[in-house]
Amino acid sequence: IVPIISEKFPEAYLSNNLASNKLAVCLGNGSSYDKHFDNSGSDDARKLTVLYYLNPLWNPTHGGYFRAYSSNNNHHDDNDYEDIAPIGDRLLIFWSDRLEHSVLQSFTPQGEIDHRYAFTIWIATSDTST
């Protein structure tokens, strides 16, 4: 994916060698992630977030929506967002330092089978000034 993105956005200086990953498992009971950027600045080199959902049996009662907040000239409006369902086999790709987002509460009505799984890869930049 790095060569494809780099061809379109060479100014991102995406690294072919530097990446990190995480498998997030939300166990239900209202678990969520507060509003944040994946890269909050400073020496954080994460530039591109690649998020893959592994929830083949997901349905709306499970919650766990990814909420992407809109921004306009660095002004973030809590009332301007889009909710994206964590449907199995869905891939989200976004700039780690530009998309403020959260994960809404998730629930597991049938227990472990309803856990919310999200595999994330963060691709680093070779130039943290971008």
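Is I123 buried or exposed? With a relative accessibility of 5%, I123 counts as buried, because anything under 20% falls in that class. Keep in mind that what you're looking at is a predicted model. Here's a quick tour, taking in two residues of strand β8, the empty spaces, and some aromatic rings with their partners.

**Two residues to find in β8**

- I123 sits in strand β8, and its C-alpha is 6.8 Å from that of S20, even though the two are 103 residues apart in sequence.
- If you skip the neighbours within four places in sequence, I123 is in contact with a string of residues, including I1, V2, L14, S15, L18 and A19.
- The contacts of I123 also include A45, R46, K47, L48 and V50.
- T120 belongs to strand β8 too, and at 7% relative accessibility T120 counts as buried.
- Leaving out residues up to four places away in sequence, T120 touches S20, N21 and K22, along with T49, V50 and L51.

**The largest pocket**

- The largest pocket holds about 180 Å³ of space.
- Its lining is made up of 16 residues, and those closest to the pocket's centre are K22, H36, L51, H101 and T120.
- Which elements give two or more residues to this lining? They are β1 (14-26), β2 (31-36), β3 (46-53), β7 (101-106) and β8 (116-125).
- Strand β8 gives the most, with 4 residues.
- By character, the pocket lining splits into 9 nonpolar, 4 polar and 3 charged residues.

**The largest cavity**

- Rolling a probe the size of a water molecule over the atoms shows where empty space is left.
- The structure has 1 cavity of 30 Å³ or more, and the largest cavity has about 40 Å³ of space in it.
- Around the largest cavity you'll find C26, W58, H62, G63, S106, F107, T108, D114, H115 and R116.
- That lining divides into 3 nonpolar, 5 polar and 2 charged residues.

**Aromatic pairs**

- How many aromatic pairs are there? The count comes to 4.
- One of them brings together W58 and Y65: the ring centres are 5.3 Å apart and the planes stand at 90°, so this pair is edge-to-face.
- W58, which also helps line the largest cavity, is buried with a relative accessible area of 17%, while Y65 is partly exposed at 23%.
- Y69 and Y81 form another edge-to-face pair, because their planes are at 65°, over the 60 degrees needed, with ring centres 6.1 Å apart.
- Y69 lies in strand β4 (residues 66-72) and Y81 in strand β5 (residues 75-84), so the pair ties together parts that are 12 residues apart in sequence.
- Y69 counts as buried at 11% relative accessibility, whereas Y81 is partly exposed, with a relative accessible area of 36%.

**Charges over rings**

- Y81 has a charged partner as well: the charged end of R67 sits over the ring of Y81, 3.7 Å from the ring's centre.
- Likewise, the charged end of R46 is placed over the ring of W122, 4.9 Å from the centre of that ring.
- R46 has already turned up above, among the contacts of I123.

Definitions and conventions: Residues are numbered from 1 along each chain as its sequence is written. This is a predicted model: local features need pLDDT of at least 70, side-chain atom pairs count only at pLDDT 80 or more; totals for chains, interfaces and linings use all residues. Side-chain values use heavy atoms; hydrogens and water are left out. On a 1 Å grid over the protein atoms alone, a cavity is a set of points where a 1.4 Å probe fits but cannot get out, and a pocket is an open set with protein on both sides within 12 Å along at least five of seven lines; lining residues have an atom within 4 Å of a point. Grid points are joined across faces, edges and corners, and a volume is the space filled by probe spheres set on the points. Ala, Val, Leu, Ile, Met, Phe, Trp, Tyr, Cys and Pro count as nonpolar, Asp, Glu, Lys and Arg as charged, and the others, Gly among them, as polar. Buried means under 20% relative accessible area, exposed over 50%, partly exposed in between (1.4 Å probe, protein chains only). Contact means heavy atoms within 4.5 Å. Rings of Phe, Tyr and Trp (its six-membered ring) pair if their centres lie within 6.5 Å; planes under 30 degrees apart count as stacked, over 60 as edge-to-face and the rest as tilted. A charge sits over a ring if NZ of Lys or CZ of Arg is within 6 Å of the ring centre and within 35 degrees of the ring normal.
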